[in-house]
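Reader: I have the model open in my viewer. Can you walk me through a few side chains and their partners?

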Amino acid sequence: MNIEDIIRIGNVDSINPENGTVRVRFPDRDNKVSKELKVIYSKTHKEYHIPDINEIVLCVFLPNQTEEGFVLGSFYNEVDTVPANSSDIKVWQFSDGGKIEYNKGNGELNITAV
C-alpha cells in the first residue's frame, strides 16, 4: 500500500452528527466518496464539533483496510484563513457569522451572536 492510500486530503461530502462521523469526497480520486469516517477529537467527553460540508480535511486510513479510516482534522487554506494572529487568542467561528474569542493574555472574552 502506498502512502497516498494511507494519508489523503478531501472535502466533507456529508455528515452524521449523531454518530460523529463524516463521508469525505476525494477530488484526486475521481470524486470517490468514503465510507463513514470517525472524526478525531482531543477529548471526547469535553469537545464536540463536526466538520462542515465541503470543509477540507486530512484523513488517515488503516494500512490493511482501504476503506477504514479517521478524519484527523481540518487546516487553514485560501478559503478558510487563520482567524487570529496571537498565541494568546482562541477563536471559534461559526458558519452563520457567530464568533467566540478568548484572549488568555488579558482575560478578555468577546461573543458575537447572530
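Author: Sure, starting with a term: buried means under 20% relative accessible area, exposed over 50%, and partly exposed in between (1.4 Å probe, protein chains only). This is a predicted model, where local features need pLDDT of at least 70 and side-chain atom pairs pLDDT 80 or more, while totals for chains, interfaces and linings use all residues. Residues are numbered from 1 along each chain as its sequence is written, and side-chain values use heavy atoms, leaving out hydrogens and water.

Reader: Is arginine 29 buried, partly exposed or exposed?

Author: Arginine 29 pairs with aspartate 5 in a salt bridge (a side-chain nitrogen of Lys or Arg within 4 Å of a carboxyl oxygen of Asp or Glu), with the closest N and O atoms 2.9 Å apart. Those two sit 24 residues apart, aspartate 5 in helix H1 and arginine 29 in the loop between strand S2 and strand S3 (helices are DSSP runs of H or I, at least four residues; strands are E, at least two; both numbered from the N terminus). With a relative accessible area of 27%, arginine 29 is partly exposed.

Reader: Which residue forms a salt bridge with aspartate 13?

Author: Aspartate 13 is in strand S1, and its partner is in strand S2, twelve residues apart. Aspartate 13 counts as partly exposed at 33% relative accessibility, whereas the partner counts as buried at 19%. The closest N and O atoms are 3.4 Å apart, and the partner is arginine 25.

Reader: What is the relative accessible area of asparagine 11?

Author: Asparagine 11 lies in strand S1, residues 7-16. Asparagine 11 is buried, because its relative accessible area is 17%.
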